[in-house]
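Here is a short report for a reader new to this structure. Look over the sequence and the fold before reading on.

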Amino acid sequence: MPAQDPEKRVHNFDEVNLGYAPQAAREEAMRCLQCKDAPCMQGCPVHVHIPDFIARIVGEDYLGAVDIILKDNRLPAICGRVCPQEEMCELCCVVGKKGLPVAIGNLERFSADVTSIQRAQRPVEKLPGPTGKQVAIIGSGPSALACAGDLVRFGHGVTVYEALHAFGGVLVYGIPEFRLPKEVVRYEVEALERLGVRFEKNVVIGMTLTLNELMTEMGYDAVYIAAGAGLPYFLGIPGEELVGIYSSNELLTRVNLMKAYQPDAVTPVLNYKDKTVAVFGAGNTALDSARTALRLGARKVSIIYRRTEAEMPARREEVQHAREEGIEFIFLAAPLEFLDNGEGWLKGVRLQRMQLGKPDASGRRRPLPLEGSEFMMDIDLAVIAIGNGTNSLLRNTPGLEFSRNDTLVVNPQTLQTTRHGVFAGGDIVTGGATVISAMGTGRQAAQSINTFLKA
Ligand code: FAD
Ligand code: SF4
Ligand code: SF4
């Protein structure tokens, strides 16, 4: 995949990967062996018919290719960009046993991008006659969008309620523009609007409206909760309250959603220009925060992780891009305390070296402190990116049950919660996962809601 030059791209928020030209896409597609048993499909959580869509690209039938993908995955331009393909479809590709696997994600993205204008101009799909049933969806992330798309195609009325002023969930407020342009997400939301899905922004369920009001006064026949896991975890070490320390959610939301990098932004961020920044964590969120800090003008950005590169949960491509952009990785180190400059501002961090012990419950080797290995690091700004939990707004809603991990309890087959007519999926049920798994549960919930409404 051709990409923007690293030296140039650290000064802009434009997309890093530039996409295939048709000839390059066809050459990549021709590497596919068209395996009869298609092991790649088993690696895809929604079982996209991969060899079939790739064969259409070889035959230059790009619309045919995207239509095959759309049967199983309604957001190909998004998944082609952000799915961790190296652990999913591409991991199972037989070509990958002896070299590089077929670039399935890049081809998926190509099929979606190259046909976007044609698809937008197609007449709106003919939907079955209205069933008269109304469903409310809480949240507008990938799980909500996938569920809305299927429900409206079953003939049900669908209204999506979103707390923020933009639709798309993490796709708009979390994942930066340089990995996923916001126009790609807008395109999908508009496509759903054309199908008849209603979108209401700035509505916080649990504050503006309650679940009870949706189900009684407003008369919804069913509700799908897809409110994600947007509550940041903190390290819980001394000094974490100092000025200059952000949660990754706050930094990314301010930059992605509120455009804090523009000079006239009403929700700005502290000045990153020429500053030294440390990011704690090693998932996609940490990498996104580090690369965002660089684009805000930071002089030096370090990712600090208590395990090693092998245990990093971030996508390989993101790690590679971050390295090309000059981000430093400090492995086997954990923070003990943030240091104050005497005026309430961050000036440094005290760290400790770690070593890996036996695997813990996550299956990864447990990091253990190395006695007498403390060291200091001067930093101006820090970002905490060690994961998210579910937010508490819906926690006190009568009839809903939350697990000890704060996830919403559902029946795994039907995704129905402990409350009649209320279903849930995506990160609020699974904890932080992936876009494609959130979409998968959205579609599973749509099936269950349809069965429930027809009973
Ligand atoms: P979300 O996308 O979190 O959407 C939930 C929505 O609900 C939000 O818009 C929120 O504002 C709204 N909401 C919350 N509470 C309420 C309420 N009370 N009333 C109304 N609305 C409410 N996954 C990948 O596959 N690949 C990646 O590269 C990747 N990168 C990531 C980078 C970052 C920075 C983050 C944070 C996550 C990343 N993920 C990635 C994970 C992925 O984005 C999530 O698993 C996925 O978005 C979850 O989808 P969801 O629909 O469950 O919830
Ligand atoms: Fe691969 Fe994701 Fe597409 Fe499935 S949806 S084929 S995992 S890129
Ligand atoms: Fe093609 Fe690889 Fe799938 Fe075989 S496993 S059909 S080569 S993408």
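Which residues come nearest to ligand 1? Val 82, Glu 162, Arg 179, Ile 205 and Asp 427 do, out of 35 residues around ligand 1. Keep in mind that this is a predicted model.

**Ligand 1**

Backbone atoms also approach ligand 1. The table lists three polar contacts with its oxygen atoms.

| Residue | Backbone atom | Distance to an oxygen atom of ligand 1 |
|---|---|---|
| Pro 142 | N or O atom | 3.4 Å |
| Val 170 | polar atom | 3.0 Å |
| Thr 434 | N or O atom | 3.5 Å |

**Ligands 2 and 3**

Where does ligand 2 sit? Ligand 2 occupies the largest cavity. Its surroundings include four cysteines: Cys 44, Cys 79, Cys 83 and Cys 89. Pro 45, Val 48, Ile 50, Met 88 and Ile 436 are also around ligand 2. Asn 73, Gln 85 and Glu 108 complete the list. By type, this shell has 9 nonpolar residues, 2 polar and 1 charged.

Ligand 3 takes up the second largest cavity. Cys 32, Cys 35, Cys 40 and Cys 93 are among the residues around ligand 3. So are Leu 33, Pro 39, Pro 51, Val 94, Val 95 and Ile 104. The shell of ligand 3 holds 10 nonpolar residues, with no polar and no charged ones.

**Helix α5**

Helix α5 spans residues 62-72. Is this helix mostly covered or mostly uncovered? It is mostly covered, with 8 of its 11 residues buried. The buried residues are Tyr 62, Gly 64, Ala 65, Val 66, Ile 68, Ile 69, Leu 70 and Asp 72. What do they pack against? Their partners are α2 (22-29), α4 (50-58), α6 (76-82), α7 (104-114), α8 (116-121) and α17 (435-454).

**Asn 249**

Asn 249 lies in helix α13, which covers residues 248-257. Is Asn 249 buried or exposed? Asn 249 counts as buried because its relative accessible area is 11%, and the cut-off for buried is under 20%. A polar atom of the Asn 249 side chain lies 2.9 Å from the backbone oxygen of Gly 230. Gly 230 is also one of the residues that Asn 249 touches, leaving aside those up to four places away in sequence. The others are Tyr 173, Pro 232 and Asn 388.

Notes
Residues are numbered from 1 along each chain as its sequence is written. Chains are lettered from A and ligands numbered from 1 in the order in which they are written. This is a predicted model: local features need pLDDT of at least 70, side-chain atom pairs count only at pLDDT 80 or more; totals for chains, interfaces and linings use all residues. Side-chain values use heavy atoms; hydrogens and water are left out. A residue is near a molecule or strand if one of its heavy atoms lies within 4 Å of it. On a 1 Å grid over the protein atoms alone, a cavity is a set of points where a 1.4 Å probe fits but cannot get out, and a pocket is an open set with protein on both sides within 12 Å along at least five of seven lines; lining residues have an atom within 4 Å of a point. A molecule sits in a cavity or pocket if more than half of its atoms lie within 2 Å of its grid points. Ala, Val, Leu, Ile, Met, Phe, Trp, Tyr, Cys and Pro count as nonpolar, Asp, Glu, Lys and Arg as charged, and the others, Gly among them, as polar. Helices (H or I, at least four residues) and strands (E, at least two) are DSSP runs, numbered from the N terminus. Buried means under 20% relative accessible area, exposed over 50%, partly exposed in between (1.4 Å probe, protein chains only). A polar contact is a pair of N or O atoms within 3.5 Å; within protein, one must be able to donate a hydrogen and the other to accept it, and residues adjacent in sequence count only if both atoms are side-chain atoms. Contact means heavy atoms within 4.5 Å.
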